[in-house]
Structure formats: structure tokens, C-alpha cells
Amino acid sequence: MDLQLSCILPTYKLRSCASVCELELQISLQRRVYGPAAMATSHRKETRRKASVLQCFFFFVLGALAMAASMAALHASSSASSSVWRCSHLADDDPSSSQVVDGGGEWGVVRTRGAQFVVGDDGRPFYVNGFNTYWLMVLAVDASTRGKVTEVFRQAAAVGLTVCRTWAFNDGGWRALQKSPSVYDEDVFKALDFVVSEARKHGIRLILPLTNNWDDYGGKAQYVRWAQAAGADVNLTAGGDAFFSDKTARGYFRRHVTAVLTRVNTYTGVAYRDDPTIMAWELMNEPRCFSDPTGDTLQAWIREMAFHVKSVDPAHLLGVGSEGFYGRSSSPARLQANPNAGAALVGTDFVRNHRVLGVDFASVHVYPDNWLPAGATQEAQLRFATSWVEAHIADAEGALGGMPVLFAEFGVSAKAGAVFNATSRNAFIEAVYGAMLRSTRRGGGGAGALLWQVFPEDTEYMDDGYAVVLPRAPATAGIVAAHSRRLQAFNSRCEWSCRWGCNRQRNTPEMTKEADVV
């Protein structure tokens, strides 16, 4: 670590032989001209001057010793700090290659300061390289598959991934966490406890969405069905959008939020709302409200639920969970950034949604292969991904007044017939990482990105085409690990070089070389 230390100390020059001779000549002249009285006065002045010089020299030595002690203390503290967050290299066949981080007293709740995530009492920067594995809770229920949770955390930690996004919901259906409103399956809740506990062991923090916009894992449609069964005048003709406005459905969701946030982990004994392993909550995975393209319905729901979450857990960060589309309230220039015309009509708006009181960071997803018109080439998709990331970083820093923006899902499919394959999608990953690093190097609002999605081995039966199995994709694993190392370099240097943002850091040649983007 390069420490740029400076101090201002007085400088003293030793007298030369010539000056000594000059003094002796002056004394001789004084003896001849002024006599003994003048000589006595001159002698007293010279004595005082010598005493002053000796005193200054004494304080100079003390200052130098204090400076040396300070540098030694900084070096020791630097070594201790850099050992807290670190990456190890992926070794496919070495189970011990996973380097479990012992956070100790440094394992504090992640907070925001301006456009950055920070952690610890001293506000150390925390740039995120993360991943999604949404099904961890469901696999943790069964003892025969529970080991896959540990395996994916071990492999992720081995390439320096520090945050995992996974579901904290399963509403109705198979292995449901919430079997009916406020009725929970304790075995499934214990499985979620296990996920949180294992994440902590491997130095990985969690982002936990609280329900789904889509029907998978129940989602908003399940709440509407429950409300309907309770006599509410609602239906599913709008794809479950009544969830956002119906009083009964909203009440069910608020109670679910309270149940999850106040849950006491059976493995650790720590309540979720007190556990720094949880980096953030998300209100919903990819909220949309097609029935109200003005965005007013969804905006009111975000305000209500953000207030409720913060009333239960004011300590943790909160995100909306949105995809980042610009809606009707956005400027024409920003609407042009959308991947298609329909994106402005799904009832969301990136800037408006993230101005809600209680929302701590902005969230965006990046799926050019799903969003762009059919036939879009690899080059077109890469261009879109870069411009999409840069547009949202600019708005997080500007329109949102300096808010961290997290690209909570990014990926492209590599299944047969897709534009990308398992090899060429590395170019997409590098494009997103490159845009993030350009922001990081100037202390910008690009706070991190989470790959969709990382799988352990022998779970490919759940692959949606986006899965990355790190031991079987060494080139991809190398790209991920390199990005982790670059972010770690920034986190470490920013910790010492600036307390108020990396934009004050003067890049050293070593730092610039490590973070260069091709």
C-alpha cells in the first residue's frame, strides 16, 4: 500500500567552518574596540543563541522519532486492514482454496456515504463484486442438497465475490416459506437461517428481496389470490397488479416483511435486522405495474413499504429491486436510453422510484438479449450494456443527488441458439466490469455489479441458460477474480488516501496499471 504522507518540520543547517572563523574574528574585534563589558554582553547573546539552537535540534529529534513511530503504526494498521477483505484464486480441485474471511470487529453493517457503500466505524469503501443464486433457501431445506449452499459460497469466495443476492421468500406452492398469510414452514425458515449463517462463514454478505413481481416462487399474484380468498374484491386480470393497491394484499405483505426482518436465526441467535451479514433488503424482485403506466400506483406502494421496512429495521440498507427503466416522468433524452419503447409503459421510473424517502441505493438490471429487438448482434448488445450502465451511473450521481447504484443482475444467455455462447459471453461480462471500473477509478456512483447467476456443479438441471459454473469455466472465473482484485485494490487505497471519496485519490502508477480497462 502506498501511503502519501507529508509533514512540515523545521530545517536547521549546521554552521560551516567559514562561519566559525567569522565568529572568532568578530569576537577579536569586539575585544579591541568595545572592551570587556561589550565582550560580556556578546558572550551572553552567543550563549543564548547556542541554547536556542540546541533546543530546536532537540525538538527536531523528537519530531523525527514521533514520525517514525507514526509510520510504523500506519504500516501495522494497513496490514491488519488489508487482511480483512481479500480474494484467493480459484482452484477447481482444491477444497481448501476457499479462503474464509474472518471479519472480526470489521464485520459491520454496510452503509452509504454519498455515492459509495462503506463499512466499519471508519467508513471504509466497499465496492461490490457479487452474484445471484436465487434458490439457496429451497436447496437448504433438504439435507441431501444443503451442501450445495456451502459449495457455491466457497467457490464464490475463492474468486473474491463478496455479495450474494438470493430470495427471502417463497409464497405458496412447493417448499413454501409462507404457506398462507403469516403462516410459515419452520423447516424452510431454518433453511434460510442456514443460508445466512453459511454466507457469514465465507465472508459473503446478502441482498434479500422480499417478494417477486413474477409468478415464480408465488410473488404478487399469490398475495392477490390470498386476498381474493379472504373476500377482497380483486382479480388476477391485470397479472397481480392489484397487489400494489388492495388493502388486504398490502397488509399481508407488511406482516411478511415484519416476520422476516424480526426473525431470530436458529444457527447464530442473531435477529436478521441485527445481522451485518445482510447487506440490504429489496422490496421486490423487478417490480412492474402494467395496469398503471403513469407509475403513480407503484410509486405509492414503494413509499408505503419503504416506510414500513425502515420502521422495523432502520439499520440495514433498502433498495427497490427495479430493472432501471425510464418511465413517463423521465425526459425524452432518458427515454431514448430504454432498450425498447415498451419499457416506458411498465409503471416504473428509475429516477422517481429512487427518490422515495427510505430508499438507500438505486438498483438496475442489465439484459440486452432479453430487452433489445430480436436479431440484435453481439456488438449491439455490448454497446447497449455499456451505455445502459453509464446512463444510470450518471443519473445516480446527478438526478439522484449522489446515490450508489448497484447493477443487481447482469447476464446474457449462453444456451443453444442464443447470440452468445459460454465463451463469447465473457466479452459481455468484461464490458459491464469495464464500465464499472471507469466509475470506480474516479470515485463515481457505480457501486457494484452482481452476475446472474452462479451455480455449483451438478445443479445444471435448474439452468435457465445464464448459469456460470465457476470450476467448469476457468476463463470466466479468471475474469471475475481479476475484477475482484481491482476492486480490492481500490477499497484498500481509498481507505487510507481519502475519507470522503475515491475522487480525491491520486492514482499511483501501480494502481492505474492494475485498474486499466482495455
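Visitor: Is Leu210 buried or exposed?

Guide: Keep in mind that this is a predicted model. To call a residue buried, you check that its relative accessible area is under 20%. Leu210 has a relative accessible area of 0%, so it counts as buried.

Visitor: Where is the place of Leu210?

Guide: Look in the loop between β8 and α6 (219-229).

Visitor: And which residues is Leu210 in contact with, leaving aside its neighbours within four places in sequence?

Guide: Quite a list! Among them are Phe169, Phe253, His256, Trp281 and Leu283. You can also try a C-alpha distance: Leu210 and Gly321 are 111 residues apart along the chain, yet their C-alpha atoms are separated by 9.6 Å.

Visitor: Let's try a helix. How do I read one?

Guide: Start with the general idea: an α-helix has 3.6 residues a turn, so residues three or four places apart point the same way. Now take α4, residues 147-158. From first C-alpha to last, α4 reaches 17 Å, close to the 16 Å expected for its 12 residues.

Visitor: How many residues of α4 are buried?

Guide: 9 of the 12, so α4 is largely enclosed by the rest of the structure. Val149, Phe153 and Ala157 are among the buried ones. What do they pack against? The buried residues of α4 pack against β4, α3, β5, α5 and β8.

Visitor: What is the phi of Gly160, after α4?

Guide: Positive, near 85 degrees.

Visitor: And the whole chain?

Guide: The protein chain has 15 helices and 13 strands. Of its 518 residues, 53% count as buried.

Conventions:
Residues numbered from 1 in each chain as written. Predicted model: local features only at pLDDT ≥ 70, side-chain atom pairs only at ≥ 80, totals over all residues. Heavy atoms only, no water. Helix = DSSP H or I, 4+ residues; strand = E, 2+ residues; numbered from the N terminus. Expected span 1.5 Å × (residues − 1). Buried < 20%, exposed > 50% of the residue type's maximum accessible area, 1.4 Å probe, protein only. Contact = heavy atoms within 4.5 Å.
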